[in-house]
Amino acid sequence: MSENNDVMIQIDHVTKSYGSTKALDDFSLQLSTGKIIGLLGPNGSGKTTLMKILAGLIHDYCGSVTIDGHTIDPYTKSIVAYLSDEPYFPKWMKIRDGIRLYHDFYTDFDVEKCMHLIKQMELDPNMSIKSMSKGMNEKFLLALCMARNALVYILDEPIGGVDPAAREEIMETILSNYNPNGLMVISTHLVKDIERIFDEVVLIKQGSVVLHRNAEELREERNQSIDDLFVEVFRHDAFN
Amino acid sequence: MMRLIKLELIQCKNQYMTLMFIVMGGFFLMGFAGYHLESVRGMNAMEMVSTIYGVTAFVFMMGVTLLCFVVLVRVFSTFASSMFNRNGYLYNTLPVTSYELVASKIIAAFIWLVIFGLVLLASMVVMTIGILLAVLMDNMDIFRQLITQVDLRYVLNRCIYFFMALFDGNGYYLFQSVMMILSTISIGYTIITLVHLPLIQQMKKALRYVVYLIVIVLMILAMEYIELPFLDTWMVLTIIGILGYGLTSYLVAHKIDVAG
């Protein structure tokens with residue numbers, strides 16, 4: 001999948017180990033701009049580790065990673081909007097503190113858009129982080145993330161911690177607010193709920209890429225949904 | 001950089017302000033309650049004041065030591081949690097260099113320590129107010145005596161004296177003090193960062209604490225025994241602090257994994 005010249009993310013032979021366990025094993029991948037990529041794999045396949053490397057949270061690995069031609073540095077952090085799978089804002093903060101912080105640090109952050117999203121998600125800017133549920137926290141982080149006009153969006157399990165009704169709302173928020181000229185990488189194991197938005201899918205198994213294809217071509221060629229393919233590829237792993 | 005320092009200062013504002021109010025309140029109560037000691041109440045005004053200040057000066061020094069310890073522990077634990085634990089997601093994804101990030105944390109911690117120093121000086125005045133209020137509520141005659149015999153300016157002058165002593169030697173002592181505080185914070189951050197290296201984090205918890213202790217002991221030994229010609233102890237400490245700052249920033253940018 002390297003026919004496109006607009007390469008935004010280039011990952012070459014990355015290996016990351018936690019003790020004797022390899023989270024990423026000689027992992028290589030090239031992702032182009034203007035696409036929505038589904039990063040799919042079962043729990044423990046290395047999705048979160050890869051996303052944390054791209055976000056600049058993991059530094060101790062072998063291999064090379066570049067985003068827009070830069071190794072991970074303040075520039076890449078300025079163009080990457082990262083959504084973690086867990087809440088991480090300090091508990092003393094209120095929603096409006098988080099908005100102010102993003103406004104202070106990210107030049108591509110749109111305060112009005114964020115306020116609109118916060119309102120749309122029925123959150124109160126004066127609400128403190130510690131009083132918010134996990135679902136509310138995820139919506140808040142999503143609003144901050146999608147209010148950025150970023151070149152790369154990295155969303156780690158954006159629908160993982162919310163109920164099915166809220167998933168639709170989150171999907172709608174992502175699709176109607178992201179920068180279409182940018183690259184969006186979404187990791188999930190809830191493939192069925194989200195597969196319709198993918199341009200490309202990357203299947204990861206035990207820290208390596210097992211498949212990287214155009215989503216529509218894959219559906220036509222195999223005559224099955226991405227979800228069915230996911231089940232087929234990872235069926236045996238569930239008990240291993 | 002200013003945005004980062006602002007963020008750092010805001011981050012600890014509530015906890016530190018609460019601690020300051022507790023300290024001030026504690027010293028006020030110390031003064032207020034000191035007057036009500038049975039042995040003090042039989043004294044004349046001057047004896048009363050000197051006794052109360054004698055006792056409270058001792059407690060004051062204990063309080064200062066305890067507070068310094070509490071604040072330093074708080075400064076270091078805030079650094080660890082905001083850099084290497086889940087809150088670290090926020091700080092480590094900001095579009096700033098690790099040098100700016102670490103420097104802002106050192107400067108913000110320094111500012112808080114200075115504010116705490118000023119609060120401690122102010123608490124001497126607060127303690128005096130506590131004594132005067134206790135006397136005023138109890139015995140108007142002694143209060144009049146105290147007001148005429150005790151010069152409140154003396155207390156204020158003592159506070160200012162401590163503060164101004166820093167400016168002796170054309171600011172040399174002040175500079176020396178500033179550098180020593182900054183270096184101590186920086187070295188503390190370096191120790192915490194070294195222990196958060198993936199290699200050490202993969203060790204068993206008990207072993208990690210052993211490594212922690214070894215690193216601390218090595219740092220203390222380095223400060224104790226490194227003697228360089230023409231350099232005072234504070235200069236050696238400053239050099240180690242600067243090297244520590246560089247090392248911390250490098251490790252944060254290249255070697256550290258933020259834990260989930």
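What follows is a short exchange about helix packing and the chain A to chain B contact in a predicted model.

Biologist: Why is H4(A) called roughly antiparallel to H5(A)?

Modeller: Helix H4 (residues 111-120) of chain A and helix H5 (residues 134-146) of chain A pack at about 155°. Angles over 145 degrees count as roughly antiparallel. Therefore H4(A) is roughly antiparallel to H5(A). Their axes lie 8 Å apart, and the crossing is right-handed.

Biologist: Which residues make that contact between H4(A) and H5(A)?

Modeller: H4(A) brings A:Lys113, A:Cys114, A:Leu117 and A:Ile118. H5(A) brings A:Phe140, A:Ala143, A:Leu144 and A:Met146.

Biologist: How do these residues of H4(A) and H5(A) divide by class?

Modeller: Seven are nonpolar, none is polar and one is charged. Lys counts as charged, so A:Lys113 in H4(A) is the charged residue of this contact.

Biologist: Turn to chain B. What makes H5(B) oblique to H8(B)?

Modeller: Helix H5 (residues 98-138) of chain B and helix H8 (residues 172-195) of chain B cross at roughly 125°. Roughly perpendicular covers 65 to 115 degrees, and roughly antiparallel needs over 145. The value of roughly 125° fits neither, so H5(B) is oblique to H8(B). The two axes come within 10 Å. This crossing, too, is right-handed.

Biologist: Which residues of H5(B) and H8(B) meet there?

Modeller: From H5(B) come B:Lys105, B:Ile106, B:Ala109, B:Phe110 and B:Leu113. They meet B:Val178, B:Ile181, B:Leu182, B:Ile185, B:Ser186 and B:Tyr189 in H8(B). By class, nine are nonpolar, one is polar and one is charged.

Biologist: Now the two chains. How many residues of chain A and chain B are in contact?

Modeller: 28 residues of chain A contact 28 residues of chain B. The area buried between the chains is about 2500 Å². Carbon and sulfur atoms give 61% of that area.

Biologist: How do you know that B:Asp257 and A:Lys16 form a salt bridge?

Modeller: Their side chains meet at 2.4 Å, N to O. The cut-off is 4 Å, so the pair counts as a salt bridge.

Biologist: What makes B:Lys6 and A:Asp104 a salt bridge?

Modeller: The N to O value is 3.3 Å. That is also within 4 Å, so this pair counts. The pair runs from helix H1 (residues 2-35) of chain B to helix H3 (residues 95-105) of chain A.

Biologist: How many salt bridges are there between chain A and chain B?

Modeller: There are two between these chains. The search of the whole structure finds 12 over all chains.

Conventions:
Residues are numbered from 1 along each chain as its sequence is written. Chains are lettered from A and ligands numbered from 1 in the order in which they are written. This is a predicted model: local features need pLDDT of at least 70, side-chain atom pairs count only at pLDDT 80 or more; totals for chains, interfaces and linings use all residues. Side-chain values use heavy atoms; hydrogens and water are left out. Axes are lines fitted to C-alpha atoms, for helices over the stretch in contact, and angles run from 0 to 180 degrees between N-to-C directions. Helices (H or I, at least four residues) and strands (E, at least two) are DSSP runs, numbered from the N terminus. Angles under 35 degrees count as roughly parallel, over 145 as roughly antiparallel, 65 to 115 as roughly perpendicular and the rest as oblique. A crossing is left-handed if the near helix is turned anticlockwise from the far one by less than a right angle, and right-handed if clockwise. Contact means heavy atoms within 4.5 Å. Buried area is the accessible area (1.4 Å probe) that two parts lose on being put together, summed over both.
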